[in-house]
Amino acid sequence: MSRPISSLEAYWGPFDRPVSVFLLESRGRLAELGLLRPLPDWVSSFTHWPHFFFQVYDGSSPEFRGLQHEFCHLFIWQKLSRKLPAWIEEGICEALSAMPDPRPIRAELMEKPFAEWDTPTLLDLDPGPLPENQAYRKCHSFVRYLIQKEGWERFRASLDDSNENVVKRLCALEPQWKDAISAAAIPEASETGVP
Ligand SMILES: [Zn+2]
């Protein structure tokens, strides 16, 4: 369990307080605990405010990237003492845990600006047939672009502002990111061609 944490400490510093981690052996246990609505099949990890981490555990090794993503939520909540809007928070968790380029991204998600993503989770935004919610990909690509452009330290420092100001700042940068990725001639998502 320590490697996914130590790799994130390079960004956040150490946890300020201990975190509680729970591994659940099946999805059925989720329903029994009454914690969450049903999750799509591709979700194997999730985190619950304020510091519980769950991973549906099937006996194989917990997936490293999934662990990193969930621990990143815990770092955000401890270091900022709040949650960020879902699209920003998931983008950070993806960008700091998933190194591969997240594209392609479904066209209709590209066209709907982040300012209109007024939803507590991203799971509702992409009901498409692909095995991964592409709303995460868009957030990931955007945050990844900003971290590369501004540097982690500056990006991280900007998160200390209020959520309202963080949203304002990032929404203003969305067109710039779209220009940058369209200039790079990125293919649009197809219904079948996404790994
Ligand atoms: Zn997440």
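# A walk from helix 8 to the core

Begin by selecting Val167, which lies in helix 8, where helices (H or I, at least four residues) and strands (E, at least two) are DSSP runs numbered from the N terminus. The structure on the screen is a predicted model, in which local features need pLDDT of at least 70 and side-chain atom pairs count only at pLDDT 80 or more, while totals for chains, interfaces and linings use all residues. Residues are numbered from 1 along each chain as its sequence is written.

Val167 is partly exposed, with 17 other C-beta atoms within 10 Å; a residue is called buried if 20 or more other C-beta atoms lie within 10 Å of its own, exposed if 12 or fewer, and partly exposed in between, with C-beta atoms placed from the backbone. Add Pro85 to the selection: its C-alpha atom and that of Val167 are separated by 7.9 Å, although the two residues are 82 apart along the chain.

Now zoom out and colour by secondary structure, which shows eight helices and three strands, running α-β-α-β-β-α-α-α-α-α-α from the N terminus on. Of the 195 residues of the chain, 27% count as buried.

Colour next by pLDDT, the predictor's confidence in each residue on a scale from 0 to 100. The chain averages 82, and 83% of the residues score at least 70. Confidence is lowest in helix 2 (residues 27-33), with a mean of 74, and highest in helix 7 (residues 152-158), at 98. Over residues 187-195 the pLDDT is below 50, and beyond near neighbours in sequence this stretch has twelve contacts in the model, a contact being a pair of residues whose C-beta atoms, placed from the backbone, lie within 7 Å.

Select helix 4 (86-97). Which of its residues are buried? Twelve of its twelve residues are, from Ala86, Trp87 and Ile88 onwards, with Ile92 and Ser97 also among them. These buried residues pack against helix 1, helix 3, helix 6 and helix 8 (163-183). At 1.5 Å a residue, the twelve residues should span 16 Å, and the end C-alpha atoms are 16 Å apart, which agrees; the expected span is 1.5 Å times one less than the number of residues.

Move to helix 3, whose buried residues include Phe71, Cys72 and Ile76. They pack against helix 1 (2-12), strand 2 (45-48), strand 3 (52-56) and helix 4. Its 17 residues should span 24 Å at 1.5 Å a residue, in agreement with end C-alpha atoms that are 24 Å apart.

Then pick Ser81, in the loop between helix 3 and helix 4. Ser81 has a positive phi of about 55° although it is not a glycine. Most residues other than glycine have a negative phi. Ser81 is exposed, with 9 other C-beta atoms within 10 Å.

Finish at the largest nonpolar core, where, of the 28 residues, Cys72 and Ile92 touch the most other members; such a core is a set of buried Ala, Val, Leu, Ile, Met, Phe, Trp, Tyr and Cys residues joined through C-beta atoms within 7 Å. Helix 3 (64-80), helix 4, helix 5 (107-111) and helix 6 (134-150) are the elements that give two or more residues to this core, and helix 4 gives the most, with seven residues. Why does the core lie between domain 1 (1-82) and domain 2 (84-195)? It does so because both domains give residues to this core, their bounds coming from an automatic or database domain assignment. Centre the view on Ile92, which touches Cys72, Ile76 and Val143, not counting residues up to four places away in sequence.

Methods
Two residues are in contact if their C-beta atoms, placed from the backbone, lie within 7 Å.
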